[in-house]
Amino acid sequence: ISIPVTVVSGLTRLAQLGVLVKSGALLDRMADITTVAFDKTGTLTYGKPIVMGMLTPDCAHTADEHDECATCDDVVGAAASVERASEHPVAHAIVTAAGNRNGTGHVAVADNVMAHPGKGVSGTIKSGELVTVGSRELFDEDHAGLPEVAAHADVAQSEGQTIMYVSRENKVVGYIGVQDEIRQNSSDALAELANMNPPIRKVMLTGDNPQAAARVASQIPGIDEVHAGLLPEEKLNKIEELGGTEHAVAMVGDGINDAPALARADIGIAMGGGGTAQAMETADVVLMQDDLSHVALALRIARKSRQVIKQNIILSLALKLVFLSLAIPGIATLWTAVLADVGATLLVTLNGMRLLRQS
């Protein structure tokens, strides 16, 4: 009874606070965590990026002027048609921008949409043209139109924007730059992890470009390591490197691209409010309120649960040894036997239930 009462109390308290842990074994495993890896988009940031600028070789303005022009309307409209089928936050930003542009109106869904995990998406729009939207890694360096567009896109990327190139019929015709907002509680959440004993190592993993990752890291004190430009399989490999044989690692993410890393981590933690169904199904723990401070909360209660379990086992064995020492010389009575049995059960039950007051 020392273990199940404590585990159920810990799971119940976490559920009351909006943290769903899928089993008692996972709660115990959380106590071993020494490294927490965070995805960037949708985890450390709100996951609701907005389009900051766009440019085509035919534009008469610069990307930061936000002027309306026919070529930009055409590019963002084509990109939005392909992105309509995607759940990625960047896709939502592009679709929203297209709907707000003059002359674009309703955004139709493209046909034959194909996802390129970690890189982008492609499909056939109403005119029959093949449109591809994605990061630079999706295109060859000698891809038609890329050098002309990249010259402008590199400037926006150096300012921390996430760049999505748009190709029509295998020619890059422009780029769209988006940027996300940092979660207000990200810094406080990482500080809580640093103040734990022993402290937690904090790592950021992102498929975004190094400049955008550096911008986020500079605004969130406490990140120990930053690894950018990672494809889904590379995130998985990085989790394996961070874990190894000496460290237990947790992964916090929200998207489809995070699912492999969530599954590979010792503990996968999904953002439940804005996370995808795949991430929540794969993860071991779900944060229902998308509050990053609940990561430290979950680890504290997991460590406290293990501590209380050890206390209960020691207390139970100590009472049994005391009774045994009295029984051998014949001093023990029926009442001492009842005390050693029922009394110990009550003590460890009440001690385990103290977790219901943890915060």
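**Exercise 1. Find the contact between Glu-240 and Arg-264 in this predicted model, and place both residues.**

Step 1. Look at the side chains. Glu-240 and Arg-264 meet in a salt bridge, with 3.2 Å from N to O. The cut-off is 4 Å between a side-chain nitrogen of Lys or Arg and a carboxyl oxygen of Asp or Glu, so the pair qualifies.

Step 2. Locate the partners. Glu-240 sits in helix α9 (residues 232-243), and Arg-264 sits in helix α10 (residues 259-264). They are 24 residues apart, and the pair links distant parts of the chain.

Step 3. Check exposure. Glu-240 has a relative accessible area of 34% and is partly exposed. Arg-264 has 37% and is partly exposed too.

**Exercise 2. Work out which residues are linked in a salt-bridge network with Arg-306.**

Step 1. Start from the total. The rule gives 16 salt bridges.

Step 2. Take Asp-28. Its salt bridge with Arg-306 has the closest N and O atoms 3.3 Å apart. Arg-306 belongs to helix α12 (residues 293-327) and Asp-28 to helix α2 (residues 24-30), so this pair ties together parts 278 residues apart in sequence.

Step 3. Take Asp-32. Here the closest N and O atoms of the salt bridge with Arg-306 are 2.6 Å apart. Asp-32 lies in the loop between α2 and β2 (33-39), while Arg-306 is in helix α12, so the pair ties together parts 274 residues apart in sequence.

Step 4. Join the pairs. Asp-28, Asp-32 and Arg-306 form a network of salt bridges.

Step 5. Classify each member. Buried requires under 20% relative accessible area, and exposed requires over 50%. Arg-306, at 22%, counts as partly exposed. Asp-28, at 35%, is partly exposed. Asp-32, at 37%, is partly exposed as well.

**Exercise 3. Decide how far strand β8 is enclosed, and trace its strand partners.**

Step 1. Count buried residues. Strand β8 covers residues 171-179, and 7 of its 9 residues are buried. The strand is therefore largely enclosed by the rest of the structure.

Step 2. Take one partner. Strand β3 (residues 50-55) runs antiparallel to β8, joined by 5 bridges. Within this pairing, Gly-53 stands opposite Gly-177 of β8.

Step 3. Take another partner. Strand β7 (residues 162-168) also runs antiparallel to β8, with 7 bridges. Ile-163 has Gly-177 as its bridge partner in β8.

Step 4. Combine the two. Gly-177 faces Gly-53 and is also the bridge partner of Ile-163.

Step 5. Inspect the turn. The hairpin of β7 and β8 has 2 residues between the strands. Glu-169 takes a positive phi there, near 50 degrees.

**Exercise 4. Identify the aromatic pair and describe its geometry.**

Step 1. Search the whole structure. The search finds 1 aromatic pair. Its members are Phe-139 and Tyr-165.

Step 2. Read the geometry. The ring centres are 6.3 Å apart, and the planes make an angle of 70 degrees. Angles over 60 count as edge-to-face, so the pair is edge-to-face.

Step 3. Place the rings. Phe-139 lies in the loop between β6 (130-134) and α6 (146-158), and Tyr-165 lies in strand β7, so the pair ties together parts 26 residues apart in sequence.

Step 4. Check burial. Phe-139 and Tyr-165 are both buried.

Note on methods
Residues numbered from 1 in each chain as written. Predicted model: local features only at pLDDT ≥ 70, side-chain atom pairs only at ≥ 80, totals over all residues. Heavy atoms only, no water. Buried < 20%, exposed > 50% of the residue type's maximum accessible area, 1.4 Å probe, protein only. Helix = DSSP H or I, 4+ residues; strand = E, 2+ residues; numbered from the N terminus. Pairing = 2+ DSSP bridges. Phe/Tyr/Trp six-rings, centres within 6.5 Å; stacked < 30°, edge-to-face > 60°.
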